[in-house]
Amino acid sequence: MTKLRQDAITLLNEIPEDKLVFIIQIMEGVAGLYGQDDERRTKAFQTLERLRKTDVVDLDYKEELASYREEKYGNAGVD
């Protein structure tokens with residue numbers, strides 16, 4: 001074990017148990033910076049690509065907007 005790793009473990013042992021949650025979150029964030037999270041990132045990218053490639057040529061925007069309004073708000077008692 002390297003001296004640097006030993007120092008890190010020593011510091012971790014000094015941290016109170018209730019504060020370890022924050023250290024774990026930081027470590028997970030750092031791990032994401034160097035590629036341990038590639039599978040999840042690739043899956044998210046593929047999802048975005050699928051959404052981007054949907055065909056919207058024949059989309060009636062006014063009808064879509066009315067549909068979304070109806071779905072979200074109903075008719076709000078207005079006829």
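Helices are taken here as DSSP runs of at least four residues, numbered from the N terminus, and in this predicted model two of them, α1 and α2 (20-33), each supply at least two residues to the lining of the largest pocket.

Helix α1 comprises twelve residues, 3-14, for which a rise of 1.5 Å a residue gives an expected span of 16 Å; the C-alpha atoms at its ends lie 17 Å apart, in agreement with that expectation. This helix is hardly covered, the count of buried residues among its twelve being zero.

The largest pocket has a volume of about 250 Å³, and its lining consists of Thr2, Leu4, Arg5, Ala8, Ile9, Leu11, Leu12, Ile15, Ile23 and Met27. Helix α1 provides the largest share of this lining, with six residues. By residue class, the lining divides into eight nonpolar residues, one polar and one charged; Thr2 is the polar member and Arg5 the charged one.

Among the lining residues, Ile23 belongs to helix α2. With a relative accessible area of 24%, Ile23 is classed as partly exposed, because this value falls between the 20% limit under which a residue counts as buried and the 50% limit over which it counts as exposed. When residues up to four places away in sequence are not counted, Ile23 touches Leu12 and Ile15, both of which also line the largest pocket. The C-alpha atoms of Ile23 and Leu12 are separated by 8.5 Å, the two residues being eleven places apart along the chain.

Notes:
Residues numbered from 1 in each chain as written. Predicted model: local features only at pLDDT ≥ 70, side-chain atom pairs only at ≥ 80, totals over all residues. Heavy atoms only, no water. Expected span 1.5 Å × (residues − 1). Buried < 20%, exposed > 50% of the residue type's maximum accessible area, 1.4 Å probe, protein only. 1 Å grid on protein atoms, 1.4 Å probe; cavity = no way out; pocket = protein on both sides within 12 Å on 5 of 7 lines; lining within 4 Å. Points joined across faces, edges and corners; volume = space filled by probe spheres on them. Contact = heavy atoms within 4.5 Å.
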